[in-house]
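Keep the model in view while reading. We begin with a pair of strands and work outward from there.

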Amino acid sequence: MLVGCPAETAWHENRVAVTPEVVARLRKAGLDVIVETGAGRGACFPDEAYVAVGARIADRSEVYAGADILAVIHRPDAGRLRAGQIVIGLLRPDDDPEELSGVTALSFEGLPRTLSRAQSMDVLTSQANVAGYKAAVLAADTFGGFFPMMMTAAGTVRPAKVLVLGGGVAGLQAMGTARRLGALVTGYDVRAAARADIASTGAAVLDLGVTAEGDGGYARTLTAEEQAAQHRALAAAIREFDVVITTAQVPGHRPPELVPAAALAAMAPGSVVVDLAAGPLGGNVAGSVPDGRIETGNGVVVVGAGDLAAQLPRAASSAWARNVAALLEYLIHDGRVVLDPEDEITAGLLVPTKETVS
């Protein structure tokens, strides 16, 4: 079977779904690989690196026409897909699924993330890990002071106080990275189970008295009363921090607003807020702009950073490609892809269309 990797076309996207390391791994599994010219350039993987491990380099039309399996980051060009192909990526399954009719679409958004045997395939986790690291580095770069305590001839400078909202993968990585940079870090999550994870990073745990356990490892939606109570408590707490990083996302739904305008107004001039949830559906921070930076009237810098993994394309691509390889190794038996609808992983990944439902 032939695995194809086209170049991503989104203006901000430098990642690639298959790396030279994974080409070698796929070939050992009996698969051939075809990669679009320049597909890995943005992630510092030149065409020559792919050729050296046995991949074939071709133009876009040949990749789409020849591949039995397409590995992508985002939903590919539907007009180039051919009947019978298998497409693997973040395919936005709720956004016009009929555009994917005629192909077998396996969307990582549906992967059952709580299954231990699915963890090696989980691109949402691997990319959140990269984003959390980058968020802390971005915050440190944007903040006008030091993260660590500095003892100088001019006196001692206190360490920055950092608050991370959300104890998922991105939040925990942001906490760990901020601590390694020397900041005093505090974490917050409405899920009681996440508080032990926060403490495990060495961060302090902020307890506002609001708990909201949900399904699948996500927090449930807060009631209006709970949300109001959380806003009041956060507004009072946030003013004590130099940097706030927000990471609370619910795939396919509007993210919860965690930092209202009143909280921003209470922060000191020069404070920094990085919103990892900023996107088309909104963000965790009032007024945050996707891929944009604003400054409030009182001098607080708000950075909308909803796709930070794309800013570390080499690391993010390496992790993504390993997830793709793990999935293909799970699905391929005796040289062909076997899709068992009774299997939890397969059932979660498959995007239903009129054809698959019928």
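This model is predicted. Start at strand β10. Two bridges join β10 to strand β11 (residues 204–205), and the pair runs parallel. Look for Gly187 on the β10 side; its bridge partner in β11 is Val205. Between the two strands sits helix α6 (residues 192–200): β10, α6 and β11 make a right-handed β-α-β unit.

Now turn to strand β9 (residues 161–165). Five bridges join β9 to β10, and these strands also run parallel. Here Val164 has Gly187 as its bridge partner in β10. Gly187 therefore appears in both pairings: with Val164 of β9 and with Val205 of β11, where a bridge partner is a residue in a pairing of strands that DSSP joins by at least two bridges. The chain gets from β9 to β10 by way of helix α5 (residues 169–180), and this β-α-β crossover is right-handed.

Is β10 enclosed or open to its surroundings? Buried here means under 20% relative accessible area. Four of the five residues of β10 (residues 184–188) are buried, so the strand is largely enclosed by the rest of the structure.

Next, follow the chain to Leu312. This residue lies in the loop between β15 (301–304) and α9 (313–331). Leu312 has a relative accessible area of 19%, and because the limit for buried is under 20%, Leu312 counts as buried. How far is Leu312 from Gly187? In sequence they are 125 residues apart; in space, C-alpha to C-alpha, they are 24 Å apart.

Then look for open space. The second largest pocket holds about 170 Å³. Its lining has 14 residues, and Glu8, Thr9, Ala10, His74 and Arg75 lie nearest the centre of the pocket. Two elements, α3 (60–66) and β4 (69–74), give two or more residues to this lining. By type, the lining of the second largest pocket divides into six nonpolar, three polar and five charged residues.

Finally, step back to the whole chain. It contains 11 helices and 17 strands. Of its 358 residues, 51% count as buried. The C-alpha trace spans about 65 × 50 × 35 Å along its principal axes. Does the radius of gyration of the chain agree or disagree with that of a compact globule? A compact globule of 358 residues would have a radius of gyration near 21 Å, and the chain has 22 Å, so the two agree.

How values were computed. Residues are numbered from 1 along each chain as its sequence is written. This is a predicted model: local features need pLDDT of at least 70, side-chain atom pairs count only at pLDDT 80 or more; totals for chains, interfaces and linings use all residues. Side-chain values use heavy atoms; hydrogens and water are left out. On a 1 Å grid over the protein atoms alone, a cavity is a set of points where a 1.4 Å probe fits but cannot get out, and a pocket is an open set with protein on both sides within 12 Å along at least five of seven lines; lining residues have an atom within 4 Å of a point. Grid points are joined across faces, edges and corners, and a volume is the space filled by probe spheres set on the points. Ala, Val, Leu, Ile, Met, Phe, Trp, Tyr, Cys and Pro count as nonpolar, Asp, Glu, Lys and Arg as charged, and the others, Gly among them, as polar. Buried means under 20% relative accessible area, exposed over 50%, partly exposed in between (1.4 Å probe, protein chains only). A crossover is right-handed if, with the strands pointing away from the viewer, the path from the first strand over the helix to the second runs clockwise. The radius of gyration is taken over C-alpha atoms; the globule rule is 2.2 Å times the number of residues to the power 0.38.
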